[in-house]
Amino acid sequence: MKLADTRTIAAPRAEVWQGLLDAETLKNAVPGCQEMDGSAENGFTAVVVQKVGPVKATFRGTVTLSDLDAPNSLTLRGEGKGGAAGFAKGDAHVTLSDGEDGQTLLSYEVEAKVGGKLAQLGSRIIDGFAKKMADQFFERFQSAVEADEAAGGDAEEGDADTENPTDDDAPRKGWIGRVLGS
């Protein structure tokens, strides 16, 4: 099963690259990921819980990064064993390029394979699931990187506002109001 797509991420390429190397960002991007430990240099260990059709399994496996060409491209390789459910493995070749207005174009090609009970579900279910997982991973990755970029920009704007208050009569928001934006 092979998939390919491109996403535009509202963050500089260097930040997107750092996100691809960060365990916490990857953990948040992998749907169903319960744990992710390790480093980009030595690889990551992960625990992922997923339900594919009628089969629910806990996969324990590894994620390794290879073919690193900072900050242009890399390959993410994941392998997991889900006990009686079988195994899943896949490669995602990711390419980054500069987009308009400081954005980054992230292109990916994914190849996924499954075996065991999962393979018995049939290619339609497996192919649909693999596409959904890849789309969710890159959508969640994009959201995490853009949130980090926005938080960095908001911190700078917040510093400027405290130095130059614009309206002393405006009511001050408590921390809940700031979080909820109300």
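**Exercise 1. Decide whether Met133 is buried or exposed, and place this residue in the fold.**

Step 1. Met133 has a relative accessibility of 18% and therefore counts as buried, where buried means under 20% relative accessible area, exposed over 50%, and partly exposed in between, with a 1.4 Å probe and protein chains only. The model is a predicted one, in which local features need pLDDT of at least 70 and side-chain atom pairs count only at pLDDT 80 or more, while totals for chains, interfaces and linings use all residues. Residues are numbered from 1 along each chain as its sequence is written, and side-chain values use heavy atoms, with hydrogens and water left out.

Step 2. Met133 belongs to helix H4; helices (H or I, at least four residues) and strands (E, at least two) are DSSP runs numbered from the N terminus.

Step 3. Leaving out residues up to four places away in sequence, Met133 touches Pro31 and Gln50, a contact being heavy atoms within 4.5 Å. Gln50 is 83 residues from Met133 in sequence, and the C-alpha atoms of the two are 9.9 Å apart.

**Exercise 2. Find out how many cavities of 30 Å³ or more there are, and describe the lining of the largest cavity.**

Step 1. The count comes to one cavity of 30 Å³ or more. On a 1 Å grid over the protein atoms alone, a cavity is a set of points where a 1.4 Å probe fits but cannot get out, and lining residues have an atom within 4 Å of a point.

Step 2. The volume of the largest cavity is about 820 Å³, a volume being the space filled by probe spheres set on the points, which are joined across faces, edges and corners.

Step 3. Its lining consists of 36 residues, and those nearest the centre are Val30, Gly78, Lys89, Gly90 and Met133. Strands S3 (43-52), S4 (55-69), S5 (73-81), S6 (87-98) and S7 (104-115) and helix H4 (123-163) each give two or more residues to this lining, and H4 gives the most, with seven.

**Exercise 3. Characterise Lys89, one of the residues nearest the centre of the largest cavity.**

Step 1. Lys89 is found in strand S6, and because its relative accessibility is 37%, Lys89 counts as partly exposed.

Step 2. Beyond its neighbours within four places in sequence, Lys89 is in contact with Gly78, Glu79, Glu111, Ala112 and Lys113. Between the C-alpha atoms of Lys89 and Val114, which are 25 residues apart along the chain, the separation is 6.4 Å.

**Exercise 4. Which residues other than glycine have a positive phi, among them Asp67, and where is there a cis peptide bond?**

Step 1. Most residues other than glycine have a negative phi, and most peptide bonds are trans.

Step 2. Asp67, in strand S4, has a phi near 50°, and at 54% relative accessibility Asp67 counts as exposed. Asp101, in the loop between S6 and S7, has a positive phi of about 55°.

Step 3. The cis peptide bond joins Ala70 and Pro71, with omega about -20°, and Pro71 lies in the loop between S4 and S5.

**Exercise 5. Which element of the protein chain has the lowest mean pLDDT?**

Step 1. The chain averages a pLDDT of 85, and 84% of the residues score at least 70; pLDDT is the predictor's confidence in each residue, from 0 to 100.

Step 2. Helix H5 (residues 175-180) has the lowest mean, 50, whereas helix H1 (residues 13-21) has the highest, 96. Over residues 155-173 the pLDDT is below 50, and this stretch has three contacts in the model beyond near neighbours in sequence.

Step 3. Where pLDDT is low, the predicted coordinates should not be read in detail.

Key: 1 Å grid on protein atoms, 1.4 Å probe; cavity = no way out; pocket = protein on both sides within 12 Å on 5 of 7 lines; lining within 4 Å.
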